[in-house]
Amino acid sequence: MSYKKLLQEHSPKDLAESFVFPVNLSAKQQKTADLQLAEGRQKAREKMTDSEKLMGRLLGLKFRMEDYFRAEKPDKEYSFSYFLKLYIELLDMKRRGFAEQIGIDETLLSQLINHRRTPPEYIPIRLELHSNNSIPAEYWFRVIEKDREGAMLLNKAAMRKKEMKYVTGGISVRL
Amino acid sequence: MAIMEVATGRKLTAAVSPLEGADFKQITKKRYFFDWKKEKGSADLFKLTLQGESDILGLLALIDFPREFRMQIHLLCVSSETHGKTKKYDGIAGTLIAFGGRTAISKYFEQACISLLPKTELRAHYKSKYGMMDGGPQLFLEGARLHAIIKKYLP
């Protein structure tokens, strides 16, 4: 059904709540439209407060974490270390200052960022407190669990082979 | 994310996910208004379903403009029985627009923007319903307004 026909049958309000229609512009019109959009965005950005910018950064981090721990298979690009490093970068902080603020040694922070140590249980809680509850501890715990799942899947075949000798019995049905 | 069943006022859990090849079997022009197959390859396509169900209630085509930290809502529609005065569900289009915003923020953080090029008659309604701002012929959302629509439709 064409847009014009829809407009005869429905109010503009109803259509705006159900559609975004394709609009064709000539190359010249598109260029002008893009420039005007850039100007509009520039004006909006000039009014953007620091806390608004920080909210955008934290939301981006939160959504990436959600996508990582909700995915069926762990994405190798992401990990607890990746998200911790990103959090510090998004806050525009130095590692030493950040380590101080969450009450840990800079060496431990460096080990966590460089995949050299599993995070102690208190770390997600301290990160939740540091982020003023913006990134809940559960998010960090779920990321850590996803990392473990990824590591297990990577070594599963070798682990099965190694553990086989210890399992001497089992059930006969298979789901 | 939640949409509302109009008849009962019940909130139902919805899911937005990438459109897959097999989905095109159920996407007819009669029910989804546009030729969605034509959009394959030129836009990222997404579908909205109720959680755990396969029936598609809404479709979204997003075009990424990485140099501008922007995602354009190129095309959006709800299925034929879910629009107009007799619609079965409410909030499908808002959820899809908010999903576009979430995708942009996940990629571009505080610089994220979503935009659309509206039909003239619908312009004022996108602005009042979704808080969109003028950017010449196009409308856009970024910053606090973008965060607000995500909070509203993807709580």
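Trainee: In this predicted model, which residue of E5(B) does A:Phe19 stand opposite?
Mentor: The place to look is where the two chains meet in strands, since strand E1 (residues 19–20) of chain A and E5(B) run antiparallel and are joined by two bridges. Within E5(B), the residue that A:Phe19 stands opposite is B:Cys77.

Trainee: Which element gives the largest share of the side of chain B that touches chain A?
Mentor: In the contact between the chains, 38 residues of chain B meet 33 residues of chain A. Several elements of chain B each supply at least two residues of that side, among them H2, helix H3 (123–130) and H4. The largest share is six residues, and the element that provides them is E5(B).

Trainee: Why does the length of helix H4 of chain A agree with what should be expected?
Mentor: Helix H4 of chain A covers residues 50–70, which makes 21 residues, and at 1.5 Å a residue these should span 30 Å. The span agrees because the C-alpha atoms at the ends of the helix are indeed apart by 30 Å.

Trainee: Which helices of chain B are included in what covers the buried residues of H4(A)?
Mentor: The buried residues of H4(A) include A:Met55, A:Leu61 and A:Phe69. From chain A, the cover includes helix H5 (80–90) and helix H9 (137–163). From chain B, it includes helix H2 (92–108) and helix H4 (143–153).

Trainee: In E3(B), what is the bridge partner of B:Pro18?
Mentor: E2(B) and strand E3 (residues 44–50) of chain B pair in the antiparallel sense, over five bridges. In E3(B), the partner of B:Pro18 is B:Phe46.

Notes: Residues are numbered from 1 along each chain as its sequence is written. Chains are lettered from A and ligands numbered from 1 in the order in which they are written. This is a predicted model: local features need pLDDT of at least 70, side-chain atom pairs count only at pLDDT 80 or more; totals for chains, interfaces and linings use all residues. Helices (H or I, at least four residues) and strands (E, at least two) are DSSP runs, numbered from the N terminus. The expected span of a helix is 1.5 Å times one less than its number of residues. A residue is buried if 20 or more other C-beta atoms lie within 10 Å of its own, exposed if 12 or fewer, and partly exposed in between; C-beta atoms are placed from the backbone. Two residues are in contact if their C-beta atoms, placed from the backbone, lie within 7 Å. Two strands pair if DSSP finds at least two bridges between them.
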